[in-house]
Amino acid sequence: MMLMNRQPSLHKPSIMGHRARIIKNQRAMRLNYAPCKAYNADFDGDEMNGHFLQDFVAQTEAANIMNVGSNFLVPKDGTPLLGLIQDHVVSGVKLTIRGRFFNREDFMYLVLSAFAETRQRFRLPTPAIIKPKLLWSGKQIISTVLMNCIPEGKQLINLTSKAKTPLSCWKARGGEMPGFNMSESEVVFRNAELLVGVLDKQHYGSTQYGLVHCCWDLYGGKCATRILSCFSRLFTTFLQIEGFTLGVADILVRKEEDKIRTGIIRRLRRCGDKVARECFKLPADTNQQSIKMVVANAYCNPQHNCQSVQLLDFKMKELLNTFGEQITKTCVPSGLVRQFPENALQTMILCGSKGTMVNSVQISCGLGQIELEGHRPPVTAAGRTLPSFFAFETSPRAGGFVDQRFLTGISPQELFFHTMAGREGLIDTAVKTSRSGYLQRCIVKHLEGLVVNYDSTVRDHDNSVIQFRYGEDGMDVCKCTFLNSKQLKFLSQNMDAVRSSVIPSFVSEPLWDSKKSEKIYRKIRRWRKKSLLVPKKCYNSGFVEFSKKYTGTPKQEITAMWFGLSEDERNKYERFAGAACPRMIDEKLDPNRSLGALPEKMLDDLDEFIKNELRENPNFPSTDFRRIVYWKGLRSNADPGENVGLLAAQSVGEPSTQMTLNTFHFAGRGEMNVTLGIPRLREILMTSGSKIGTPNAEICVKPDVPQAEVDKIKRELGRVYLKQVIRRITVEERLDLRQSSSRNYDLRIEVVSSKARPSHLKHIKSRYILMEIESRFVKSLARLMRDRSRELQTYEGIQSKSDAASSDEEADTGKDADAGEVRLNKRHLDDAADYEGEEDEKNVIEVEEENEPASSDVGEEEGELNSVEMESDECWEAPDHGGTIVADQIRIQAVISSSSIVSNYRFDNKHNRWCIITFRLPLNTKTRLDVVTLVERELETFVVYGTPGVEKCIQREENHNNRSCQILATQGINAEAFFRHSKELDVNTFYTNDLNLMWKNYGEIVRVFQPYGIDVNRRHLTLTADYMTFTGRILPFTRGALSSGVSPLQKMTFETTVSFMRDAIVNGDDDYLTSPSAKIVVGRLLRGGTGVFDLLVPSDYYLGVEDKPGTFDHF
């Protein structure tokens, strides 16, 4: 036995035990195809490390624990790792397809080639055809191999499944779709005989619940690996006889379908202007020149607002996707000259051998949209993606859409776009390797000491409890894959095989409390029936009933009031709440010593399945089946010593290598930014989610809520900017040379009437908009103008000193310039430079001015303001009503007093449609102040209406449990705003990616993996989350969090060794050598796996001396 390892060792199966055979005069290592996926190995020069085991104990562990068969499933999600690939898959499909027959000579040759050198006596099936000639089918060869691989005395497998090859493959051109029952897409085994269906990747590839996976669960790893070995030899031999070739005829499209494709491409190339009109809401008769001007304004706006460009990209890709789907539906695979199974390329793709339908589409139809980081190729400052296109051209080809195909060739521009996407993939792969590697190292270092103990708890190396039961149910990920509602049918069909694999022959069932567990479960069912809580689980108690009276009160106050009640008062509430649900079986009994102490969901699924089976078959052995499932559940518990911390770290870290580094993408309808991939994973695990880049939240709308109410909530949660409700702004500048010279700026803001606004903006009243301008906008704009004026004045002062110094003849011998002056001079001469000291000083000044009372500004320029009011040519007019005049005067005075540079204010006191603010700045600079740019900048970001913390709110539709559900998603988070609408929104479905919010209010790694099709078992995720929060606060996987650990050697082996060593020496820390890192440093055996227990033996056994009978020493 040898241990083989290929680096990088990302997960547990990266090192496995192999039985090696030495081949003389060979320098290359031979390896079966099946374990290549576990090592992530290929045959292009990969190197592997071999470790020869010299100890008998190590060889025994490698042969029984680390062998390939025992590592058939990956601990990440319990799916198979071993499987046949590529040529073997094609050969298996061609061998088992209906109509494939062999004579006696070929049949015997293929069967013997599958088993190679063997002395086994074979069981052979009866020929499928007897007259006029003895013929065996290809399916019978598979049955023969399977029957002779299953151990003697075991029940032969029964399996009903389906093939990866879809049912549409068996449809003849122009014919009807065949039924699934007894078709080649349905796979049926009875007593290990393949009755119907083709075998493809679904059954001997690395696929869950396939034939080999089922054999592994029923008969063990040795049987599964033997079946794979026999299949690989069989398929290789058959393919050498049959052959397999891919030709040009396999990618050709028929003339009729090709004409349809050409017509779709013609329409596609002309859709650019139409999309631009819809996106920017232009009239249908807008000419091309006007469209280009609008597009150019969207790309080149001075505020760098990308929303319009993003919307244009989204609308364009949405329309192009429909065209692409039409082309694909027309040409592939129904429009190809050759059909499956004669078409070799389609055979490879559909059976799972190699490639995807995207490859076939790009060869025969077109390449489609080229994307860089989730967006269309960016345009240059000149408005072109490539020099060969017109400026701001709206055609799909100019935006990176490749409508040509590899079959007929692509143009140079399309090739350039294609290489751009390829280069992005290479860079992304190269850069993310270090990011994902460091992420996994951090997680492994923190979780390395987490081990399942004999009391079922998960503890760290310092004996701190992380979980009271591993994964909340105590079950091993790889052992419980068949304990779900969908696979109970398979277990019932193979009861004898399951019984022989899980029930020991010497066991006495009365000692395992099976009757006690069933009694507890019957009691729970009676309580459910009495409480009518079957559709949805509900938790109720006296405290819950008491809390209903104080809705909105802080939980600390409610808790204090509850404990302030007397015992009798609390008992009244408990009686009103009703009887509490009895404790579950796995809570009252020890799951490791009690039959039937399974999780609640598993028992419910088992009970429902048995009821359905008895309804169909009254003779179904329900009692025996229930016992078998109980034993299988007992044998599925995690073994003591299992290093679940390392498994969780590997299960989270290894899939991160498949992720991209794209920080943002547009979820749903392309309207929200969401952080995804490695950046989001690092955000959660290494920063504890304290400062997330794109906070967002989601909540489901209740089914019967009308759309009008949903729109009302969307308006409330949406953010309205001032620029959306402004019709026009004008700035008039004039000089005032009387008394104190000054520049006066009259800013006129006109508000759009509510009738002329879009529907989602009509709820905001014009008076409210003016009040927001008066209270916040004027103050913010005045501060911006004042700061900019001060910057200009300082810059001109420094510039004049610099000019005077350069013209002075004695400058060379004079005093050196002040160091602060030099820094300020450089800062203002180079706008791109950044001087932190001055920025800090400026921030302090702003804070001080903001904290000044408004009366100080009024007192400083009271006389000046009065003189300006007296000299003003235009005065505000108001109706002749005493109360209204006084109110208007108060409003005017409030605006004027908000800043020292506001000299006058007028407004439409009748309709609240306009206002004029006059700003006065001293005439002490030569440079004019660009007030228009400052106003535009402030308008872009000024929020006139919105919910705090929420930027935008969108509505989308999703399918939850086969039911359509409306979801409100917000960019930004405000949980209280959601809960205010609890009548319309289902607050139990509230989701947010803000970990600290969830921790503070209730107490997300799953959604990080979902977009990439990666499934990580919930047990690993719950263990990771529990480790981060078991101290009562969220701890990230960083060096700072590790510094609070108890093992100095563990800290030193992570990062900054000298720093941790210095701290340990200064503080006099002790290391008790309990952490895995510390044990490796000193060369001790780890307290995990087979090293978690000690062995008790008689002293006379290892000392050779007699001792009292029954006495043992600790070995």
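The largest nonpolar core in this predicted model brings together 95 residues. Helix α8 (residues 221-242) gives this core its largest share, nine residues. Another core, of 37 residues, lies apart from it. Below you will also find a cavity and a closer look at one threonine.

**Nonpolar cores**
- Within the largest nonpolar core, the residues with the most contacts are L146, I157, Y204, L211, F231, L234 and F625.
- The other core, with its 37 residues, includes Y745, L770, V778 and L781.
- As useful background, nonpolar side chains tend to be buried together in soluble globular proteins.

**The second largest cavity**
- This cavity holds about 60 Å³ of space.
- Its lining is made up of R743, Y745, S789, L792, L921, P922, T925, T927 and L929.
- Sorted by class, the lining has five nonpolar, three polar and one charged residues.
- At least two lining residues come from each of β19 (742-751), α28 (766-807) and β21 (914-922).
- Y745 is worth finding on your screen: this residue lines the second largest cavity and is also among the residues of the 37-residue core.

**A look at T330**
- T330 sits in helix α12, which covers residues 307-331.
- T330 counts as buried because its relative accessibility is 18%, and the cut-off for buried is under 20%.
- A polar atom of the T330 side chain lies 2.7 Å from the backbone oxygen of Q326.
- Setting aside neighbours within four places in sequence, T330 is in contact with E257, I260 and G335.

Conventions. Residues are numbered from 1 along each chain as its sequence is written. This is a predicted model: local features need pLDDT of at least 70, side-chain atom pairs count only at pLDDT 80 or more; totals for chains, interfaces and linings use all residues. Side-chain values use heavy atoms; hydrogens and water are left out. Helices (H or I, at least four residues) and strands (E, at least two) are DSSP runs, numbered from the N terminus. Buried means under 20% relative accessible area, exposed over 50%, partly exposed in between (1.4 Å probe, protein chains only). A polar contact is a pair of N or O atoms within 3.5 Å; within protein, one must be able to donate a hydrogen and the other to accept it, and residues adjacent in sequence count only if both atoms are side-chain atoms. Contact means heavy atoms within 4.5 Å. On a 1 Å grid over the protein atoms alone, a cavity is a set of points where a 1.4 Å probe fits but cannot get out, and a pocket is an open set with protein on both sides within 12 Å along at least five of seven lines; lining residues have an atom within 4 Å of a point. Grid points are joined across faces, edges and corners, and a volume is the space filled by probe spheres set on the points. Ala, Val, Leu, Ile, Met, Phe, Trp, Tyr, Cys and Pro count as nonpolar, Asp, Glu, Lys and Arg as charged, and the others, Gly among them, as polar. A nonpolar core is a set of buried Ala, Val, Leu, Ile, Met, Phe, Trp, Tyr and Cys residues joined through side-chain atoms within 4.5 Å.
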